[in-house]
Amino acid sequence: MVKRGEPTEEDYFELKPGQSRAVDVDLSAYYDLRNGGAYAVSYAPHGGELILEASAVQKSGAKIARPVETQSVTIWVDAGARSINAIGPVGARGEAQSLQSRLPAGTSVLAAAAASNSYVKCTNTQQTQIVPARDSAVVYANNAKSYLAAGAAGSRYTWWFGAYTSSNYALITSHYNNLVSALSTQPYTFDCGCKQKRTYAFVYPDQPYTVHLCGAFWSAPNTGTDSRAGTLIHESSHFTVVAGTDDYAYGQTAAHNLALTNVAQAVMNADSHEYFAENNPALN
Ligand SMILES: [Zn+2]
């Protein structure tokens, strides 16, 4: 689950009638295929951002005329890689044991401290930017939690999450309660190895609480629209144990449009959670 910037002209390529374009995607890098067997694979695109004209139509507030669909292809995966399954836990235990063996006798390896920050490939400067970003994300999450606890389904709520229903309001309330809990109490790992300039960050939803930070994150302000703090709200909302959100629409315009046209997706859209928390420009 990736937070990208809004697409610009240079992110599109022209496909002439009858023309095709092929790219290789290593599915095993992103999906667990170790059990082997037959897999049906199809591409599930979100939003109108895939096609430049559809993007313009979406910005105007009209419904997109034609969604992009792909037929599924069936692939067979040999189960031979299953042995990795057995090696994995043994290897992990081995690392813990070797760490233990380097410590003085009588010392035990304890779980990471609550609300701690761990860093992978982060410079000292980056670490000093991450700490206030997480602190501000906690402030954002608490502000949103308080707003929802007061039962205020004002324009701030409806702008991002659509028309009020009691069930959606309860869902959103649970999301921010979980965001406060995660951001203020859990051990996070920040991986700064991603260098993609137009990408803010990404996570694997089933790997809480590791956040991969990319180029756009460092050029963003600490708070405000599409800020570092807001990005941490966005990414944390993707974790299955927090809210399990998806990326149905990126950017304020598309996210607001989702609230008008597809409430079910708006209440599960990561950027919508970020913008509600950032509340910029402020709504009541
Ligand atoms: Zn995302």
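## Zinc site

The site of the zinc ion is irregular, with angles of 56 to 142° among its 4 donor atoms. This is a predicted model. For four donors, a tetrahedral call needs all angles between 85 and 135 degrees. Ideal angles at a metal are 109.5 degrees for four tetrahedral donors.

Which residues coordinate the zinc ion? H234 and H238 each do so through NE2. D247 appears twice, each time with an OD atom. The distances run from 2.0 to 2.4 Å. Along the chain, the donors follow the spacing H-x3-H-x8-D. H234 lies in helix α7 (residues 228-238), while D247 lies in the loop between α7 and α8 (252-261), so the pair ties together parts that are 13 residues apart in sequence. Both H234 and D247 are buried.

## D271, a contact of H234

D271 sits in helix α10. Is D271 buried or exposed? D271 is buried, at a relative accessible area of 0%. Leaving aside neighbours within four places in sequence, D271 is in contact with the zinc donor H234. The other contacts of D271 on that basis are K3, A249, Y250 and G251.

K3 also meets an aromatic ring. The charged end of K3 sits over the ring of Y200, 4.7 Å from the ring centre.

## Aromatic pairs and cluster

How many aromatic pairs does the structure hold? There are 14. A pair of aromatic rings is described by the distance of the centres and the angle of the planes. For W160 and Y275, the ring centres are 5.3 Å apart and the planes are at 40°, so this pair is tilted. The pair links distant parts of the chain. W160 belongs to helix α4 (residues 155-161) and Y275 to helix α10 (residues 270-278), 115 residues apart. W160 is buried, with a relative accessible area of 4%. Y275 is buried too, at 1%.

One aromatic cluster is formed by Y147, Y157, F161, Y164, Y169, Y176 and F276. Its member F276 also has a charge over its ring. The charged end of R156 sits there, 4.5 Å from the ring centre.

## Nonpolar cores

The largest nonpolar core has 44 residues. Which of them touch the most other members? They are Y176, V211, L213 and F276. Helix α3 (residues 124-149) gives the most to this core, with 9 residues. Two of the names recur from the aromatic cluster: Y176 and F276.

V211 has a mixed set of partners. Leaving aside its neighbours within four places in sequence, V211 is in contact with Y188, T189, F190, D191, A201, F202, V203, L232, E235 and F239. Another core, of 6 residues, lies apart from the largest one. Its members include Y248, A254, A259 and A266.

## Backbone exceptions

Most residues other than glycine have a negative phi, and most peptide bonds are trans. Several places in this model depart from that pattern.

Where are the cis bonds? The peptide bond from P208 to Y209 is cis, with omega near 0°. Y209 lies in the loop between β6 (199-202) and β7 (210-213). A cis peptide bond also joins N280 and P281, with omega about 0°. P281 is in the segment after α10.

Two residues with positive phi also stand out. D226 has phi near 55° and is not a glycine. D226 is in the loop between α6 (215-219) and α7. N279 is not a glycine either, and has a positive phi of about 45°.

## The segment after α10

N279 is found in the segment after α10. N279 counts as buried, at 17% relative accessibility; the cut-off for buried is under 20%. A282 lies in the segment after α10 as well. A282 counts as exposed, at 65% relative accessibility.

What separates the C-alpha atoms of A282 and R156? The separation is 7.7 Å, for residues 126 apart along the chain. R156 is also the residue with its charged end over the ring of F276.

Terms used:
Residues are numbered from 1 along each chain as its sequence is written. This is a predicted model: local features need pLDDT of at least 70, side-chain atom pairs count only at pLDDT 80 or more; totals for chains, interfaces and linings use all residues. Side-chain values use heavy atoms; hydrogens and water are left out. Rings of Phe, Tyr and Trp (its six-membered ring) pair if their centres lie within 6.5 Å; planes under 30 degrees apart count as stacked, over 60 as edge-to-face and the rest as tilted. Helices (H or I, at least four residues) and strands (E, at least two) are DSSP runs, numbered from the N terminus. Buried means under 20% relative accessible area, exposed over 50%, partly exposed in between (1.4 Å probe, protein chains only). A charge sits over a ring if NZ of Lys or CZ of Arg is within 6 Å of the ring centre and within 35 degrees of the ring normal. Donors are N, O and S atoms within 2.8 Å of the metal (3.2 Å for Na, K and Ca); water is not among the atoms, so sites may look incomplete. Four donors count as tetrahedral if all angles lie between 85 and 135 degrees; four count as square planar and six as octahedral if opposite donors are over 155 degrees apart and all others between 65 and 115; anything else is irregular. A nonpolar core is a set of buried Ala, Val, Leu, Ile, Met, Phe, Trp, Tyr and Cys residues joined through side-chain atoms within 4.5 Å. Contact means heavy atoms within 4.5 Å.
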